[in-house]
Amino acid sequence: MPWQDIKLNDGREIPGISFGTSRHSGDTVATVDAAIHAGFDSIDTAQMYKSEGAVGEAIKQSGISRSDIWITTKWSGVKSAQESIHDSLEQLGVDYVDLYLIHFPGVTKGDIKGAWREVEEFKKLGYAKSIGVSNFEISHLEELLKHSFITPSVNQIPFHPNNLAKQEPLIKYLKEKNIAIEGYSPLAPLWQDDKNSPVLKTVKSIASKRDVPEERVLLAWSQSKGVIPVTASSTKSRIESFIAAGDLDLTEEEIKSIDKAGYKASRNAELKRKFVTSAKWLTAAGLVTYLAVSRLS
């Protein structure tokens with residue numbers, strides 16, 4: 001496997017790339033099966049995705065040993081923690097998951113300490129080999145760590161060049177705390193950006209020079225940042241391309257050029273946000289003035 005496993009703070013090793021199941025059109029079982037046979041040995045699902053049953057069926061059909069597949073699922077708050085873990089295990093058709101995450105802070109309903117206590121218990125009971133969180137910011141993690149007996153092994157967050165500037169402080173914090181980082185939506189610039197976006201132009205240029213698909217450049221960039229990408233596709237050729245991205249070593253110059261484009265994209269987005277906000281205020285002010293004048297006339 002070209003993607004290197006990452007050692008977690010609990011001593012276990014997680015695969016360096018994961019196949020996500022949050023968005024799939026068509027047959028999820030067939031798609032996950034294709035991913036497994038392409039070389040993915042880490043599958044990511046969640047209570048909220050309603051794909052746990054399909055993931056379990058795909059793993060069963062693959063004929064691959066349970067111990068050779070890393071399964072991540074998440075407590076999404078649809079049911080209580082106790083109900084959720086048992087429901088997920090039943091849906092997946094397994095006795096344990098490799099990684100169990102609190103899907104987002106809102107699941108805790110303001111009680112991060114109490115929610116994490118329940119997840120810690122799942123690890124002690126063997127329902128989850130490793131535990132962590134998803135979409136947690138620094139403030140949420142600080143609250144959790146004040147009361148934790150077990151440090152989260154992973155925080156899964158959105159990560160791609162367009163949000164590099166926003167996520168850098170969190171990335172730095174997680175590395176300091178020895179919490180592994182999974183990044184979902186790593187290919188967002190390919191569908192978020194217009195053709196003239198700085199990130200897309202830079203990625204296209206590198207992909208053209210390297211004679212590789214653009215998604216490989218973005219995945220290799222995530223890898224260079226020490227982030228485990230969580231990505232997906234229903235197309236066999238793209239799934240295979242994701243695995244091949246593990247062999248792509250970007251140069252320092254290429255990495256810095258994508259970083260620079262990401263910072264620029266962030267600045268452009270902020271300027272656009274300010275412009276839209278100002279335009280709304282000006283429109284509102286103009287309407288108020290018009291109404292006032294109308295009443296006087």
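These exercises work through a predicted model.

**Exercise 1. Overall make-up**

Task: State how many helices and strands the protein has, and what percentage of its residues is buried.

Solution:
- Start with the secondary structure. There are 11 helices and 10 strands.
- Next, burial. The chain has 297 residues, and 47% of them are buried.
- Finally, contact range. Take the contacts between residues at least 6 apart in sequence; 74% of these join residues at least 24 apart.

**Exercise 2. Helix α1**

Task: Find the buried residues of helix α1 and explain why they line one face of the helix.

Solution:
- Locate the helix. Helix α1 covers residues 28–38.
- List its buried residues: T28, V29, T31, V32, A35 and I36.
- Look down the axis of α1. The buried residues fall within an arc of 165°, so they line one face.
- Recall the general geometry. An α-helix has 3.6 residues a turn, so residues three or four places apart point the same way.
- Identify the cover. The buried residues of α1 are covered by elements including β3 (18–20), β4 (42–44), α2 (52–62) and α10 (236–244).
- Check the ends. At the N-terminal end, D27 acts as a cap, with a side-chain oxygen 3.0 Å from the backbone nitrogen of V29. Just after the helix, G39 has a positive phi of about 130°.

**Exercise 3. Two buried serines**

Task: For S18 and S241, decide whether each is buried or exposed, and name the side chain that each meets in a polar contact.

Solution:
- Place S18. It sits in strand β3.
- Apply the cut-off. Buried means under 20% relative accessible area. S18 has 0%, so it is buried.
- Find its polar partner. The side chains of S18 and S42 are joined by a polar contact of 3.1 Å.
- Add the sequence-distant contacts. Beyond four places in sequence, S18 touches F40, S42, I43, D44, E182, P229, V230 and T231.
- Place S241. It belongs to helix α10.
- Use the cut-off again. At 4% relative accessibility, S241 is buried.
- Find its polar partner. The side chain of S241 contacts that of E215 at 3.2 Å.
- Add the other contacts. Outside four places in sequence, S241 touches P213, E215 and R216.
- Compare chain and space. S241 and E214 are 27 residues apart along the chain, and their C-alpha atoms are 9.8 Å apart.

**Exercise 4. T202**

Task: Classify T202 as buried or exposed and list what it touches.

Solution:
- T202 is found in helix α8, residues 198–210.
- Its relative accessible area is 18%. The cut-off for buried is under 20%. T202 is therefore buried.
- Leaving out residues up to four places away, T202 touches S257, I258 and A261.

**Exercise 5. Two pockets**

Task: Describe the volume and lining of the largest pocket and of the second largest pocket.

Solution:
- Begin with the largest pocket. Its volume is about 540 Å³.
- Count its lining: 26 residues, with S22, R23, S185, T231 and A232 nearest the centre.
- Assign the elements. Those giving two or more residues to this lining are α7 (188–192) and β10 (227–231).
- Sort by class. The lining of the largest pocket has eight nonpolar, 14 polar and four charged residues.
- Move to the second largest pocket. It holds about 390 Å³.
- Its lining has 15 residues, and N162, D193, A265, S266 and A269 are closest to the centre.
- Helix α11 (residues 252–296) gives the largest share of this lining, five residues.
- Sort by class again. The second largest pocket is lined by three nonpolar, eight polar and four charged residues.

Terms used:
Residues are numbered from 1 along each chain as its sequence is written. This is a predicted model: local features need pLDDT of at least 70, side-chain atom pairs count only at pLDDT 80 or more; totals for chains, interfaces and linings use all residues. Side-chain values use heavy atoms; hydrogens and water are left out. On a 1 Å grid over the protein atoms alone, a cavity is a set of points where a 1.4 Å probe fits but cannot get out, and a pocket is an open set with protein on both sides within 12 Å along at least five of seven lines; lining residues have an atom within 4 Å of a point. Grid points are joined across faces, edges and corners, and a volume is the space filled by probe spheres set on the points. Helices (H or I, at least four residues) and strands (E, at least two) are DSSP runs, numbered from the N terminus. Ala, Val, Leu, Ile, Met, Phe, Trp, Tyr, Cys and Pro count as nonpolar, Asp, Glu, Lys and Arg as charged, and the others, Gly among them, as polar. Buried means under 20% relative accessible area, exposed over 50%, partly exposed in between (1.4 Å probe, protein chains only). The arc is that of the directions from the helix axis to the C-beta atoms. Contact means heavy atoms within 4.5 Å. A polar contact is a pair of N or O atoms within 3.5 Å; within protein, one must be able to donate a hydrogen and the other to accept it, and residues adjacent in sequence count only if both atoms are side-chain atoms.
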